[in-house]
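Trainee: Please take one part of this model and go through it closely. I would like a connected account, with the surroundings brought in where they touch that part.

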Amino acid sequence: MKHYPAEFKADAVALYRSRPGATLKSVAADLGVNTEMPRNWIRAADSPRPSAHSTSQAAAPTPDSAEVAALRKRVRELEEERDILRGISPGRRAGEPLPVR
């Protein structure tokens, strides 16, 4: 796979956008590249790039994620307590279902 310089890609995107009736096929033919190449370059140019600031924010825990982690921990604790109570309930054998009233 041939790698093209960033300047070449930017020029290809600018060429496509500067021609009102241009098709990806015609731009690719003019540049001598596969039709998919300009398509990928245009998509890459249109997609937002993550900045250093947004990356550091994504790594930092949010209040919601901290709350979710705390709730998951509490669920595990309650499940352990439930399992212990099921196993030692008087008058029952381990693994026997609880009586329904």
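Mentor: Start with Met37. This residue counts as buried, because its relative accessibility is 16% and the cut-off for buried is under 20%. Keep in mind that the model is predicted. Met37 sits in helix H3. Its C-alpha atom lies 9.5 Å from that of Ala12, although the two residues are 25 apart along the chain.

Met37 has company. The buried residues of H3 are Met37, Pro38, Trp41 and Ile42. Look down the axis of H3: these buried residues fall within an arc of 130°, so they line one face of the helix. Arg43 and Asp46 lie on the other side of H3, and they are exposed. What does the buried face pack against? The buried residues of H3 pack against H1 and H2.

Take the H1 side now. Two packed helices are described by the angle between their axes and by the distance between those axes. For H1 and H3, the axes come within 9 Å and cross at roughly 95°. That makes H1 roughly perpendicular to H3, since angles of 65 to 115 degrees count as such.

Which residues meet there? H1 brings Phe8, Lys9, Ala12, Val13, Tyr16 and Arg17. H3 answers with Trp41, Ile42, Ala45 and Asp46. By class, this contact of H1 with H3 holds seven nonpolar residues, three charged ones and no polar ones. Trp41 and Ile42 appear in the contact and also among the buried residues of H3. Asp46 is in the contact as well, yet it is one of the exposed residues on the other side of H3.

Ala44 gives another view of H3. Ala44 belongs to helix H3. With a relative accessible area of 42%, Ala44 is partly exposed. Measure its place against Lys9: the two are 35 residues apart in sequence, with 9.8 Å from C-alpha to C-alpha.

The start of H3 carries a salt bridge. Glu36 and Arg39 meet through their side chains, at 3.1 Å from N to O. They are three residues apart in helix H3, which spans residues 36-46, so about one helical turn separates them. Glu36 is partly exposed, because its relative accessible area is 36%. Arg39 is partly exposed too, because its relative accessibility is 28%.

Now turn to H2, the other partner of the buried H3 face. Leu24, Val27 and Ala28 are the buried residues of H2. They cover an arc of only 100° around the axis, so they sit on the same side of H2. Lys25 and Ala29 are exposed on the other side of H2. Where do the buried residues of H2 pack? They pack against H1 and H3. Just after H2 comes Gly32, with a positive phi of about 75°.

H2 also takes part in a salt bridge. Asp30 pairs with Arg19, and the closest N and O atoms are 2.6 Å apart. The pair links distant parts of the chain. Asp30 is in helix H2, residues 24-31, while Arg19 is in the loop between helix H1, residues 6-18, and H2. The two residues are 11 apart. Arg19 is partly exposed, because its relative accessible area is 32%.

Step back to the whole chain. The structure holds five salt bridges, those of Glu36 with Arg39 and Asp30 with Arg19 among them. Another joins Asp83 and Arg82, with the closest N and O atoms 3.1 Å apart. Asp83 counts as partly exposed, at 43% relative accessibility. Arg82 falls in that class too, at 39%.

The chain has five helices and zero strands. From the N terminus on, the order is α-α-α-α-α. Buried residues make up 13% of the 101 residues; Met37 is one of the buried residues. Among contacts between residues at least 6 apart in sequence, 35% join residues at least 24 apart.

To return to the starting point: Met37 is buried, and it belongs to the buried face of H3. That face packs against H1 and H2.

Note on methods:
Residues are numbered from 1 along each chain as its sequence is written. This is a predicted model: local features need pLDDT of at least 70, side-chain atom pairs count only at pLDDT 80 or more; totals for chains, interfaces and linings use all residues. Side-chain values use heavy atoms; hydrogens and water are left out. A salt bridge is a side-chain nitrogen of Lys or Arg within 4 Å of a carboxyl oxygen of Asp or Glu. Helices (H or I, at least four residues) and strands (E, at least two) are DSSP runs, numbered from the N terminus. Buried means under 20% relative accessible area, exposed over 50%, partly exposed in between (1.4 Å probe, protein chains only). Axes are lines fitted to C-alpha atoms, for helices over the stretch in contact, and angles run from 0 to 180 degrees between N-to-C directions. Angles under 35 degrees count as roughly parallel, over 145 as roughly antiparallel, 65 to 115 as roughly perpendicular and the rest as oblique. Contact means heavy atoms within 4.5 Å. Ala, Val, Leu, Ile, Met, Phe, Trp, Tyr, Cys and Pro count as nonpolar, Asp, Glu, Lys and Arg as charged, and the others, Gly among them, as polar. The arc is that of the directions from the helix axis to the C-beta atoms.
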